[in-house]
Every structure is written in structure tokens, then in C-alpha cells.
Amino acid sequence: GSGWTSGIGDPASTYVKFDVFSPNISGVTNTLFFATGSGATFSGNSTFAGADLSFGFQINNGGLERRTGTGSGTWAAVPYSFSNSLGYTIEILGNRSGATRNYGLGSLANNSIDFFVNVVLVGDDWSFKDSSKPIDGFRIYQVNGGVRYQLDNVVIANDFTAVPEPSAIVLMILALG
């Protein structure tokens, strides 16, 4: 895995983006976990503790799940599936600014997260797992795996300026076409 143990600085607005690819992203016992938070499990080289998360997500056997609830919480399935041998861009926007924030692709209520896969909104105004937990560290790692993940273009920002405007997205799609 990889990540920052501290130093993100608990921003009022958070933007996390990365590209992921795996030839077996929907393989059995194949989980990729990614989260922000603070606490003992973010300051050392260990797996996360649910109680330390401000938000947490995982791709589990091809399905998307998010961590919900108080304390350690539970995993809740999200109606989105990943396919083998396709590239994906994950974007997560978090807002704890005290007010609704507008950005190029929409708006985000206070204490909420928007979650995108390949510029498609998969989760709109989801609650943080724990909005009182600082966003000071980031983790991404594989669980139960013999499968390889390729990660690229990791961005962690304490504002939404990295979010592309809709006109830039159209240009990217035209260039890829």
C-alpha cells in the first residue's frame, strides 16, 4: 500500500483522485481499500481501524463499498461494479466548509462527499463516515491479494481547484475519441 501518515492538514474541502487498473479487479478475495482519517492507524504502518476514518471506500471483488456508521462502522454496498482489464479514474470530493460548495461538475452539501468513477457521479452528497474525524492522512492498499493493481496520477488536494471544468472533460473525451 501507499499513503500519507499525516500532513494533509484537515482541510475544509478535500479532493482525492487516482487512476486504477487491474486485470482481475473483480477477482475473488481481491480488495483495494482507500480512505482518509487520523489516529494511530494512520501514523504507523498498519491497516486501518474503522474508528479512525473520516471516509473509507473499497473495491471488493469488483463491487464498490463505503464505510458507514459510528465507531468502527460497517461496509455498505454501492450500486456500481468494476470490470477486469479496464482503467478507472476515481474522484472523491469532501466538503466540511460549513456551507454548500459549487464546483465544475455540480455542488456539494456541507459534511458530504461526491464520488465519481470515470467522471460519472456514483455517489451524490454521501455523508462522511465520521465528519468529526480530521482528514490528516490518506491510505490506499490491497487486502487479501495476489492480484496486482496499477495506480497512477494520485492527487490529494485541500481544495476543489483540481476538479476539471465540464468544457475540459468534453475536450478530453474528444481527444480520446
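The legends below accompany close-up views of a predicted model.

**Figure 1. Strand β7 and its two neighbours.**
Strand β7 covers residues 87-95, and eight of these nine residues are buried, so the strand is largely enclosed by the rest of the structure. One neighbour is strand β2, made up of residues 13-21, which pairs with β7 in the antiparallel sense over nine bridges. Within this pairing, Phe-18 stands opposite Ile-90 of β7. Another neighbour is strand β10, residues 112-117, which is joined to β7 by six bridges, again in the antiparallel sense. Here Gly-94 has Ile-113 of β10 as its bridge partner, and Leu-93 stands opposite Asp-114 of β10.

**Figure 2. The two sides of strand β10.**
In a regular strand, side chains alternate between the two faces of the sheet. In β10, Ser-112, Asp-114 and Phe-116 point one way, while Ile-113, Phe-115 and Val-117 point the other way. Residues on both sides are buried. Because six of the six residues of β10 are buried, this strand is largely enclosed by the rest of the structure. The count rests on the cut-off for burial, which is a relative accessible area under 20%.

**Figure 3. The hairpin of strands β10 and β11.**
Strand β11, residues 120-127, runs antiparallel to β10, and five bridges join the two strands. Val-117 stands opposite Val-120 of β11. The two strands form a hairpin with two residues between them. In the turn, Asn-118 has a positive phi of about 50°.

**Figure 4. Surroundings of Leu-121.**
Leu-121 lies in strand β11. This residue has a relative accessibility of 39% and therefore counts as partly exposed, since that class lies between the limits of 20% and 50%. Leaving aside residues up to four places away in sequence, Leu-121 touches Asp-114, Phe-115 and Phe-116. Leu-121 and Glu-91 are 30 residues apart along the chain, and their C-alpha atoms are separated by 9.2 Å.

**Figure 5. Strand β4 between its pairing partners.**
Seven of the eight residues of strand β4, residues 53-60, are buried, so β4 is largely enclosed by the rest of the structure. Strand β3, residues 31-37, runs antiparallel to β4 and is joined to it by seven bridges. In this pairing, Ala-35 stands opposite Gly-56 of β4. Strand β5, residues 63-68, is also antiparallel to β4, with four bridges joining the two. The bridge partner of Phe-57 in β5 is Arg-66. Strands β4 and β5 form a hairpin with two residues between them, and Asn-61 in its turn has a positive phi of about 55°.

**Figure 6. Surroundings of Trp-75.**
Trp-75 is found in strand β6, which spans residues 74-81. With a relative accessibility of 27%, Trp-75 counts as partly exposed. Apart from residues up to four places away in sequence, Trp-75 touches Phe-33, Phe-48, Gly-56, Phe-57, Gln-58, Glu-65, Arg-66 and Arg-67. Among these contacts are Phe-57 and Arg-66, the bridge partners that link β4 and β5. Leu-64 is eleven residues from Trp-75 along the chain, and the C-alpha atoms of the two residues are separated by 9.7 Å.

**Figure 7. The cavity and its lining.**
A search of the whole structure finds one cavity of 30 Å³ or more. The largest cavity holds about 40 Å³ of space. The elements that give two or more residues to its lining are β4, β5 and β11. The largest share, three residues, comes from β4. The lining consists of Phe-55, Gly-56, Phe-57, Arg-66, Arg-67, Ile-113, Trp-126, Ser-127, Phe-128 and Lys-129. By type, these residues divide into five nonpolar, two polar and three charged. Several lining residues also appear in earlier views: Gly-56 stands opposite Ala-35, and Ile-113 is the bridge partner of Gly-94.

Methods
Residues are numbered from 1 along each chain as its sequence is written. This is a predicted model: local features need pLDDT of at least 70, side-chain atom pairs count only at pLDDT 80 or more; totals for chains, interfaces and linings use all residues. Side-chain values use heavy atoms; hydrogens and water are left out. Buried means under 20% relative accessible area, exposed over 50%, partly exposed in between (1.4 Å probe, protein chains only). Two strands pair if DSSP finds at least two bridges between them. Contact means heavy atoms within 4.5 Å. On a 1 Å grid over the protein atoms alone, a cavity is a set of points where a 1.4 Å probe fits but cannot get out, and a pocket is an open set with protein on both sides within 12 Å along at least five of seven lines; lining residues have an atom within 4 Å of a point. Grid points are joined across faces, edges and corners, and a volume is the space filled by probe spheres set on the points. Ala, Val, Leu, Ile, Met, Phe, Trp, Tyr, Cys and Pro count as nonpolar, Asp, Glu, Lys and Arg as charged, and the others, Gly among them, as polar.
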